[in-house]
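Hi,

Here is the structure I said I'd pass along. Have a look at it first, and my notes follow underneath.

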Amino acid sequence: MSRPEPWSGEEVTAIVETYKKMLVAELCGQHYVKTDHNRELAEKLNNRSKASIEFKHQNISAVLRDADCPYINGYKPMSNYQGMLVDVVERHLLRTELFDQAARNAADRPVIDAPAPRDISIIVTPPESKTPQTSVQEAKQRYTTPTPVKRDYLAREARNHALGSAGERFVVAFEKMRLRKEGLTSLAEKVEHVAETQGDGLGYDVLSFDADGRERWIEVKTTAFAKECAFFITPNELKCSQANPEHYHLFRIFSFLTQPNMYCLRGDLYPQLTLNPQSYRAHLL
């Protein structure tokens with residue numbers, strides 16, 4: 001069976017333009033139908049299969065993920081993308097005012113509390129792990145092809161205090177619900193939003209409990225974007241997880257504005273994460 005022809009520049013441009021329309025609509029909370037957009041797209045392509053189009057959309061998601069940008073929910077990032085794709089995504093998506101404005105607005109938007117969770121099914125498995133680092137260091141490049149220039153949309157969202165606080169309150173409600181379902185009402189009443197009551201210097205946001213009464217220290221990281229998006233963590237939080245692995249939990253909430261779900265990392269976070277230094281403290285010699 002012969003291999004399919006490589007995607008041409010015109011085809012790659014067409015699919016990136018289609019992806020941009022869907023992504024901007026999603027970031028703005030505007031309804032759109034993927035099948036309608038992809039039907040129009042297919043007419044511009046060289047008899048590409050639905051599977052091929054799907055895979056290319058996932059490649060675009062991977063480029064955006066590697067640029068610290070939001071990507072379309074439902075198109076899980078698939079790496080090993082073409083170098084040409086990086087260039088086209090840069091020119092036709094990342095550098096456009098339309099996308100920049102939509103991404104900035106999505107990162108900065110105000111939020112209200114999500115409905116209280118009713119069952120533990122919102123806990124899902126973490127994204128597939130990559131090779132862990134044993135210390136804080138620059139992550140190795142994963143591709144021989146060019147990688148996109150990093151943007152600051154995820155960092156902007158991490159500074160959205162309303163979103164972060166709403167995520168923490170969501171976890172407080174989840175922990176109380178979990179303990180009550182286990183018949184541990186007295187422990188549920190002791191769950192504490194310590195980031196509010198004691199400040200943010202503890203290295204975690206929520207004090208809860210396991211069924212045996214052991215303290216559960218929970219750091220909450222919340223995003224309105226997709227599951228695989230990177231998050232930001234402080235040296236204090238990392239040190240707290242390393243010094244107290246028997247207590248430490250990190251809850252990563254994603255898709256907070258539409259359908260909140262979360263995954264959990266337990267114990268020492270150092271061997272579980274690839275850590276990229278974002279800035280350095282500096283002074284003149």
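Let me start with the cysteines. Cys-69 has a relative accessibility of 1%, so it counts as buried. Keep in mind that this is a predicted model, and that goes for everything below. A search of the whole structure turned up zero disulfides. For Cys-69 the reason is distance: the closest cysteine sulfur, in Cys-229, is 9.0 Å from its own, which is too far for a bond. Cys-240 is in no disulfide either, with the nearest cysteine sulfur, that of Cys-264, 14 Å away. Cys-240 also counts as buried, because its relative accessibility is 8%.

Next, the sheet. Four strands make up an open sheet in the order S1-S2-S3-S4, and the pairing is mixed. S1 and S4 are at the edges with a single partner strand each, so each has one side without a neighbour in the sheet. From one strand to the next, the twist averages 30°.

Going through the strands, S1 covers residues 206–209. Val-206 and Ser-208 point one way, Leu-207 and Phe-209 point the other way, and all of them are buried. That fits the usual pattern, since side chains in a regular strand alternate between the two faces of the sheet. S1 pairs with S2 (residues 215–222) in the antiparallel sense, over four bridges. If you want a landmark for that pairing, Ser-208 stands opposite Arg-216 in S2. The two strands form a hairpin with five residues between them, and Gly-213 in the turn has a positive phi of about 95°.

On the other side of the sheet order, S3 (residues 248–254) and S4 run antiparallel and are joined by six bridges. Here Leu-250 stands opposite Leu-265, and Phe-254 stands opposite Asn-261. S3 and S4 also form a hairpin, this time with six residues between them, and Ser-255 in the turn has a positive phi of about 50°. S4 itself (residues 261–266) is mostly covered, with five of its six residues buried.

What lies across this sheet? Helix H7 (residues 161–181) does, crossing S1, S2, S3 and S4 and running at about 140° to S2.

There is a record to go with this part of the chain. An unreviewed UniProt entry annotates residues 167–264 as "domain: Protein NO VEIN C-terminal". In the model, the end C-alpha atoms of that span lie 14 Å apart, and the span is 33% helix and 23% strand.

One loop residue deserves a look while you are in this area. Lys-227 sits in the loop between S2 and helix H10 (235–243). You might expect a lysine in a loop to be out in the open, but its relative accessible area is 19%, so it counts as buried, the cut-off being under 20%. Leaving out residues up to four places away in sequence, Lys-227 touches Tyr-71, Val-124, Thr-125, Pro-126, Pro-127, Phe-254 and Tyr-263. Phe-254 is 27 residues away along the chain, yet the C-alpha atoms of the two are separated by 5.5 Å.

Now to the helices earlier in the chain. Helix H4 has 12 residues (83–94), which at 1.5 Å a residue should span 16 Å; its end C-alpha atoms are 15 Å apart, so the two agree. Which residues of H4 are buried? They are Leu-85, Val-86, Val-88, Val-89, Glu-90, Leu-93 and Leu-94. Their cover includes helix H1 (9–27), helix H3 (50–66) and helix H5 (97–108).

Two polar residues in those covering helices are worth clicking on. Asn-59 is found in H3 and is buried, because its relative accessible area is 3%. Apart from neighbours within four places in sequence, Asn-59 is in contact with Met-78, Ser-79, Tyr-81 and Leu-85. Leu-85 is also one of the buried residues of H4. Thr-18 lies in H1, and at 7% relative accessibility Thr-18 counts as buried too. Not counting residues up to four places away in sequence, Thr-18 touches His-37, Asn-38 and Leu-41.

Happy to go over any of this with you.

Cheers

Conventions: Residues numbered from 1 in each chain as written. Predicted model: local features only at pLDDT ≥ 70, side-chain atom pairs only at ≥ 80, totals over all residues. Heavy atoms only, no water. Expected span 1.5 Å × (residues − 1). Buried < 20%, exposed > 50% of the residue type's maximum accessible area, 1.4 Å probe, protein only. Contact = heavy atoms within 4.5 Å. UniProt positions renumbered as here; feature names shortened; annotations may be inferred. Disulfide = S-S within 2.5 Å. Pairing = 2+ DSSP bridges. Axes fitted to C-alpha atoms, helices over the stretch in contact; angles between N-to-C directions.
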